[in-house]
Amino acid sequence: MVIYGVALLSFCMLTGVFVGDLLGDLIGVQANVGGVGIAMLLLIFLSNFSSHKLKLNPITETGIGFWSAMYIPIVVAMAAKQNVIAAVSSGWLAIVAGVAAVAASFAMIPVLARFGDGGQDDS
Amino acid sequence: MEGRMIPESLADVLTKNGLITAFVFVGVLVWLSYLLSERLTRGHIHGSAIAITIGLVLAYVGGSVTGGNQGIADFSLLAGVGIMGGAMFRDFAIVATAFGADVDALKRAGFVGAMSILIGVVLSFAVGAVVAIAFGYTDAISISTIGAGAATYIVGPVTGTALGAESGVIALSVAAGLTKSVLVMIGTPLIAPRIGLNNPHSALIYGGLMGTTSGVAGGLAATDPKLVPYGAMTATFYTGVGCLLAPSVLYLIVRAIVE
């Protein structure tokens, strides 16, 4: 049933966000620490590692696949509801700080990517 | 007489079914964008990159017409776009993209991924702090708040509130974070080929360095949707790490330097 996939996905998200909130409380910051990331790991774990016990049938998978496919439209909606005006109209300091932070971070990607073992497909 | 009623009752239907209206609105927007991508750029610029850019332009228009802070969702007819593009559905869809992710790529990049988050927070904070100093700020609280805003628009106000910064500075820090997020959405597909952002490994690092969940979500969607789970995975830890470091260690360092 499709709802099994949707329910599993929802369960993972709620659990992840809850753990993220607890983590935030634990280290004393007013923010969710990695809730979505934990939810993703949980979903990967439940759908991969326990595959013999919890074999998802293809119809159940479509309940997750649908929301994965809705990702881009949702991001487009997210873009359309951003407070762009505040970003553009609050003066140069904010713009310069934002642009410089992005430029510096972009520049670091190739540097860091050389570390670790990412060299498997350098072609 | 009845003719005058039709527009009103149509608006009524669209408003009452806001989320469904948003599906139609975004559907048409995406369709148009892919058409533009194919016809005008022969597919060189990804359709989703165009859709996200148009979305941002519409958000600007919405904000300037209505004076609100929710972009186009401040038009009551399009309030559903705010629900569809809100944090709940965004995070739900991000989690869904993890389904089918390459587990080995995630395992391999564990250490570099964690490092990228740490470096990303410190780097953005430092850059923002230097810009704040260049613009004439001399007190450690304001400098740290603006630096934190250059990390993400959540880290900024959290840090500012924790340190007791003035509201004007907190607003600036939010604006710096918003600029970052918008720029990451637009800039990622343009810069991706030059920085080797084309595999799960570099996407993990990209997410950790950028950190803005909306920016990373939009940027990777416009570059290669297959990379989304990797970038989103690390980005989601960034704000928490930022909220941890900025008002504590990083603030103390700034204070030691400027005071």
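## Chains A and B in contact

The contact between the two chains draws on 66 residues of chain A and 93 residues of chain B. On the chain A side, six helices of chain A each give two or more residues: α1 (2-26), α2 (35-49), α3 (58-69), α4 (71-80), α5 (84-89) and α6 (92-114). Helix α6(A) gives the most, with 18 residues. By class, nonpolar residues number 47 on this side of chain A, beside 16 polar and 3 charged ones.

This is a predicted model. The predictor gives the complex an ipTM of 0.86 and a pTM of 0.81. Chain B has a mean pLDDT of 89, and 98% of its residues reach 70 or more. Confidence varies along chain B, as the table shows for its two extremes.

| Helix of chain B | Residues | Mean pLDDT | Rank in chain B |
|---|---|---|---|
| α6 of chain B | residues 103-108 | 74 | lowest |
| α4 of chain B | residues 79-84 | 96 | highest |

Where pLDDT is low, the predicted coordinates should not be read in detail.

Chain A splits into domain 1 (1-71) and domain 2 (83-116). The C-alpha centres of these two domains of chain A are 30 Å apart.

Now for one residue in chain A. Leu41(A) sits in helix α2 of chain A. Is Leu41(A) buried, exposed or partly exposed? Leu41(A) is partly exposed, because 19 other C-beta atoms lie within 10 Å, and a buried residue needs 20 or more. Leu41(A) and Cys12(A) are 29 residues apart along the chain, and their C-alpha atoms are separated by 8.8 Å.

Key: Residues are numbered from 1 along each chain as its sequence is written. Chains are lettered from A and ligands numbered from 1 in the order in which they are written. This is a predicted model: local features need pLDDT of at least 70, side-chain atom pairs count only at pLDDT 80 or more; totals for chains, interfaces and linings use all residues. Domain bounds come from an automatic or database domain assignment. Two residues are in contact if their C-beta atoms, placed from the backbone, lie within 7 Å. Helices (H or I, at least four residues) and strands (E, at least two) are DSSP runs, numbered from the N terminus. Ala, Val, Leu, Ile, Met, Phe, Trp, Tyr, Cys and Pro count as nonpolar, Asp, Glu, Lys and Arg as charged, and the others, Gly among them, as polar. A residue is buried if 20 or more other C-beta atoms lie within 10 Å of its own, exposed if 12 or fewer, and partly exposed in between; C-beta atoms are placed from the backbone. pLDDT is the predictor's confidence in each residue, from 0 to 100.
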